[in-house]
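Trainee: Could you show me how to read pockets and cores in a model like this one?
Mentor: Let us take the pockets to begin with.

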Amino acid sequence: MRLVLLGPPGAGKGTQAAILSEKLNIPHISTGDLFRANIGEGTPLGVEAKSYMDAGKLVPTDVTARMVEDRLSQDDAANGFLLDGFPRTVEQAEILKDLLAKKDQVLDGVLNFQVSDDVVVERMLARGRADDNEETIRTRMSVYRDETMPLIDYYGEKIIDITAEGTVEEINDSAMKAIGK
Ligand code: ADP
């Protein structure tokens, strides 16, 4: 299956993706994780991404898209993937569509994790990641609203809504049911 995970920062996409990845036996590809790995290793890509991430802003699309293209061309992604954190803008969605079209592939669905603002802020503050301070969280929420939410209309019938409140297991059950597993 080729799935995109959509939802506000702090919706728990990463947690769910890790479980789904194991159950469906397809790789979890998280752009945030890929950037953090590059930062950890001090690569030029990591150095460039860090300033944007620390500010809660989007890393420029050209670098991000190149990183995703690279990852999707690896063998383990040939038969499916869970894409977490990409696309985040309509421009990125168009790039993904072209990337997949070149391989005669299409997305099977877009899981839209729905969660209230209060729960999002609570989860992010509890997580305590470097970019999880109040000001950055506010910026990321507004980037989500302005740039990423339009993807819900963009994907239209591919959208599969998941209620992302409750326990990790409950949310996972809903996600598995929603994709017919
Ligand atoms: P969250 O979903 O909690 O915001 P992520 O790990 O997905 O966390 O993303 C962290 C940061 O990485 C974002 O705020 C942004 O700076 C950068 N990032 C991740 N994915 C993208 C993307 N597709 N385009 C641009 N920047 C991205």
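Mentor: This is a predicted model. Take the second largest pocket: its lining consists of P8, N112, F113, Q114, V115, D117, M141, Y144, R145, M149 and I152.

Trainee: Which elements each supply at least two residues of that lining?
Mentor: β4 and α7 do.

Trainee: How does the lining of the second largest pocket divide by class?
Mentor: Seven residues are nonpolar, two are polar and two are charged. The space inside is about 160 Å³.

Trainee: How much space lies in the largest pocket?
Mentor: About 760 Å³. Its lining has 40 residues, and K13, G32, R88, R129 and R140 lie nearest the centre. By class, 15 are nonpolar, 14 polar and eleven charged.

Trainee: Which element gives the most to the lining of the largest pocket?
Mentor: α2, with five residues. Among the others that each supply at least two are β1, α1, α6 and α7.

Trainee: Now the cores. What is the general idea?
Mentor: In soluble globular proteins, nonpolar side chains tend to be buried together. Here, the largest nonpolar core has 22 residues, and L20, L24, L111 and F113 touch the most other members. At least two residues each come from β1 (2–6), α1 (13–24), β4 (109–114), α6 (117–127), α7 (134–148) and α9 (168–178).

Trainee: What does L20 touch, leaving out residues up to four places away in sequence?
Mentor: N25, L82, L111, N172, A175 and M176. Apart from this core lies another, of 19 residues, including I29, V68, L96 and L151.

Note on methods
Residues numbered from 1 in each chain as written. Predicted model: local features only at pLDDT ≥ 70, side-chain atom pairs only at ≥ 80, totals over all residues. Heavy atoms only, no water. Core = buried A, V, L, I, M, F, W, Y, C linked by side-chain atoms within 4.5 Å. Buried < 20%, exposed > 50% of the residue type's maximum accessible area, 1.4 Å probe, protein only. Helix = DSSP H or I, 4+ residues; strand = E, 2+ residues; numbered from the N terminus. Contact = heavy atoms within 4.5 Å. 1 Å grid on protein atoms, 1.4 Å probe; cavity = no way out; pocket = protein on both sides within 12 Å on 5 of 7 lines; lining within 4 Å. Points joined across faces, edges and corners; volume = space filled by probe spheres on them. Nonpolar A, V, L, I, M, F, W, Y, C, P; charged D, E, K, R; others polar.
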